[in-house]
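Please find below my comments on the structure under review. They are arranged as numbered points, moving from the overall picture to local detail.

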Amino acid sequence: MSKKKPYCECLNTVKPVRDTLEVINGKWKLSIIISVGVGNSRFTEIQESIPGLTPKVLSKELKELEQHQLIKRIITNDYPVKISYCLEPYADTLTPIIYAMKDWGLNHKKKIFQENPSEI
């Protein structure tokens, strides 16, 4: 039995991580997923919950998240037409990743500021 070469092992990890980042990477995608996940369902609610997010960028990001089946666009045919957004069940698979990133970010900040207290 031959042992796998180290670069093959590396690629077996790097490729799926790269695929993941392709979907959730960027300044706004995770913020949008979190915003919708905590109950902001209308376009303006989502935009107002994320400082600095423009309507044009929000619209683009929502379309991409919808294509990746993470967010669902719901059209209610009232007058006026009401559009809202909710997370698809598939988005729940990101929950442990989001919490792991949150924990890592908090721990990293503590570590950096403990080593460099003058930067606080």
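The points below concern the fold, one helix, its charged contacts, the hairpin and two backbone features.

1. Overall architecture. The model is a predicted one. Its protein chain contains five helices and two strands, and their order along the sequence is α-α-α-α-β-β-α. The two strands thus follow the fourth helix in that pattern and precede the last one.

2. Dimensions and packing. The radius of gyration of the protein chain is 19 Å, whereas a compact globule of 120 residues would have a value near 14 Å. The C-alpha trace spans about 65 × 50 × 25 Å along its principal axes. Buried residues make up 20% of the 120 residues in the protein chain. Among contacts with a separation of 6 or more, 38% are between residues 24 or more positions apart.

3. Geometry of helix 4. This helix covers residues 55-67. With 13 residues at 1.5 Å a residue, helix 4 should span 18 Å, and the distance between its end C-alpha atoms is 18 Å, which agrees with that expectation.

4. The two sides of helix 4. Which residues of helix 4 are buried? They are L58, E61, L62 and L65. These four cover an arc of only 105 degrees around the axis, and therefore lie on the same side of helix 4. The general rule behind such a pattern is that an α-helix has 3.6 residues a turn, so residues three or four places apart point the same way. On the face turned away from the buried side, helix 4 carries the exposed residues K56, K63 and Q67.

5. What covers the buried side. The cover over the buried residues of helix 4 includes helix 2 (29-37) and helix 3 (43-49), together with strand 1 and strand 2. Both helical and strand elements therefore contribute to this cover, because the elements in contact with the buried residues, within 4.5 Å between heavy atoms, include each kind.

6. Salt bridges between helix 2 and helix 4. The structure holds three salt bridges. In one of them, K29 pairs with E61, with the closest N and O atoms 2.9 Å apart. Since K29 belongs to helix 2 and E61 to helix 4, the pair ties together parts that are 32 residues apart in sequence. Another joins E64 to K29, the closest N and O atoms being 2.6 Å apart. This second pair also links distant parts of the chain, with E64 in helix 4 and K29 in helix 2, 35 residues apart.

7. The salt bridge within helix 4. K60 and E64 also form a salt bridge, at 3.2 Å from N to O. These residues are four apart in helix 4 and so are separated by about one helical turn. Taken together, K29, K60, E61 and E64 are linked in a network of salt bridges.

8. Accessibility of the charged network. Which members of the network are buried or partly exposed? K29 and E61 are both buried. For K29 the relative accessible area is 6%, a value that counts as buried because the cut-off is under 20%. E64, at 24% relative accessibility, counts as partly exposed, and K60 is partly exposed as well, with a relative accessible area of 44%.

9. The strand pair. Strand 1 (residues 71-76) and strand 2 (residues 82-87) are paired in the antiparallel sense over six bridges. They form a hairpin with five residues between them. Within this pairing, R73 of strand 1 stands opposite Y85 in strand 2.

10. Two backbone features to inspect. As background, most residues other than glycine have a negative phi, and most peptide bonds are trans. Where does the cis peptide bond occur? A cis peptide bond joins Y79 and P80, with omega about -5 degrees, and P80 is placed in the loop between strand 1 and strand 2. Q69 is not a glycine, yet it has a positive phi of about 60 degrees. This residue comes just after helix 4, in the loop between helix 4 and strand 1. Q69 is exposed, with a relative accessible area of 53%.

Key:
Residues numbered from 1 in each chain as written. Predicted model: local features only at pLDDT ≥ 70, side-chain atom pairs only at ≥ 80, totals over all residues. Heavy atoms only, no water. Pairing = 2+ DSSP bridges. Expected span 1.5 Å × (residues − 1). Buried < 20%, exposed > 50% of the residue type's maximum accessible area, 1.4 Å probe, protein only. Arc of directions from axis to C-beta. Salt bridge = Lys/Arg side-chain N within 4 Å of Asp/Glu carboxyl O. Rg over C-alpha atoms; globule rule 2.2 N^0.38 Å.
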